[in-house]
Amino acid sequence: MDLRAELLKSIWYAFTALDVEKSGKVSKSQLKVLSHNLYTVLHIPHDPVALEEHFRDDDDGPVSSQGYMPYLNKYILDKVEEGAFVKENFDELCWTLTAKKNYKPDRNGNSVVSHQDAFKLWCLFNFLSEDKYPLVMVPDEVEYLLKKICTAMNVELNSCELEDYLSQEPQGQGGLTVWQFLDMVNSGRFLRGLEQEAISMAVEEVYQEVIEDGYLWKKGQLRRNWSERWFMLKPSVLSYYMSEERKEKKGSIALDKHCCVEVLPDRDGKRCMFCVKTSSRTYEMSASDTRQRQEWTLAIQTAIRLQAEGKKSLHKDLKQKRREQREQREQRKAAKEEEMQRLKQLQEEKERKLQELELLKEAQRQAEILLQEEEQRRRQQHEEMQRTLEIQLQEAEQARASMQAEMVLKEAEAERQRKRILELEDMQERLQEALQQEVKARQDEEAVRYAQARLLAEEEEKLKELMKLKEEQEEYIIKTQREKQVLKQEMENKNKCLEEAQKQLEEVRVNRQRVDQDVMAAQRKLRQASTNVKHWNVQMNRLMHPIGPGDKRTNSSGGVFSGYQPLLSRRDSSLK
């Protein structure tokens, strides 16, 4: 029984206590207060928004237990952490709500158990009750609990008197409710002549044994002094606190299959000593008496064994075994009753058959004739059915062959589509390289930069369309395995879209090539213009060259200007 199931049992009592009219429903204001108290006692952070939203005033009226469970699971039970709260405080809250309405001790003060002992018996009842609602305890568990209490007081329980009482007491759902159980204990019928203090000590002892906690002296690791601590044993850990209120946790001892428990001799003024050895440390402890030491060592050893076996706790394991034994007894009893009923039926059947035997003999001859006719008709039906099955088998074989051929075609088509996608990815890489080269070429020509940028944007859009088409192709390939009938038509549509995209990409490529040609033509013109400019610069430099003084020789033809003739001849040649 996990923590959630234990909490639900106590909450069930609190819910039913708030159901004053016994209609199975509780008002929202009461559930709101109950939820707030559960938040507090379970140490869960309050969620006032969810609380107000869930239990706001409207016309829906009271809430049933089934209507309260979603909120209880989501906002309370799912947030509970084991060890973060004191289980006894939680039980006391639920006990206070339910005892106020249902627990009716003797008004004259003649009750056998006190109010606190009744609370502990209520906790023990919840632990031993069946895991179904309304909660009841089967007679075997009632006897087990009473024997535990009587054993703690060294008295013997009168089992015969208990059986008589249980046979006379009306039992719903196959057992006693907790209030019937408390009334039975308070009646004093089974605890005659015992003082209330002795009964209280016995209830406390059984309660501590089942809950598996109590005070022990523990030796410190550093200061080596002895301190009294409240120990609580869980399936996989032995925790110890400053006091039984468990408000201040001092530490814990992890229990696994490598741990062991050993009894130690008395020393340091301490008696009834024992130790728990783990893989990293040895914890020394001292009990109040030998019996308590034996109980603790046995309980810890059992917890270690159950931990190694993957079980929860000793008492839960024993409860499960008792339940299995009861189920086996009930099964044997039911089987025995069934066997007796079957024997009775067989006897009646035998007598009836003896009476009918004569009639059967008379009808036997007619039955044989009818059987022969039926056999012949059955044989004909069998032959016809066999022929029909053979025809259906042939049709199924043909259908399977056609399906296999169709699967092969679909797989081939899918393979072609995958190859086409690879080609598109390759084309995309080449387009990206061409795009980078184009961007680099556009940086050199400012006049055509905007046109190239526009073409680049268009090309990127087409690339995105191609990527989108590729994703659609991949999704389409996946869908071919699920929708084989629709695959062919969708692939044709995708191919058409892809061809159109390729045509558009080809148009963009042609436009780009045309623009590249325009750029190259513009570059050629620029180079030609640059060449002409350089040529005319050379000519102008020559024309602007200063005329140097010539030789002033007198000759027969030229006279003084004969020195300027070479310069004029060079100018004429350049002009030509």
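Buried means under 20% relative accessible area, exposed over 50%, and partly exposed in between (1.4 Å probe, protein chains only). The model is predicted: local features need pLDDT of at least 70, side-chain atom pairs count only at pLDDT 80 or more, and totals for chains, interfaces and linings use all residues. Residues are numbered from 1 along each chain as its sequence is written, and side-chain values use heavy atoms, without hydrogens and water.

**Exercise 1.** Place His 43 and classify its accessibility: buried or exposed?

Step 1. His 43 sits in the loop between helix H2 (28-41) and helix H3 (48-54). Helices (H or I, at least four residues) and strands (E, at least two) are DSSP runs, numbered from the N terminus.
Step 2. His 43 is not a glycine, yet its phi is positive, about 60°. Most residues other than glycine have a negative phi.
Step 3. His 43 has 53% relative accessibility, so it counts as exposed.

**Exercise 2.** Do the same for Cys 272: buried or exposed?

Step 1. Cys 272 lies in the loop between strand E7 (260-264) and strand E8 (273-277).
Step 2. Its phi is positive too, about 55°, and Cys 272 is not a glycine.
Step 3. The relative accessible area of Cys 272 is 4%, so it is buried.

**Exercise 3.** Find the state of the peptide bond from Tyr 133 to Pro 134: cis or trans?

Step 1. Locate Pro 134: the loop between helix H6 (115-128) and helix H7 (139-152).
Step 2. Read omega for the bond from Tyr 133 to Pro 134: near 0°.
Step 3. The bond is cis. Most peptide bonds are trans.
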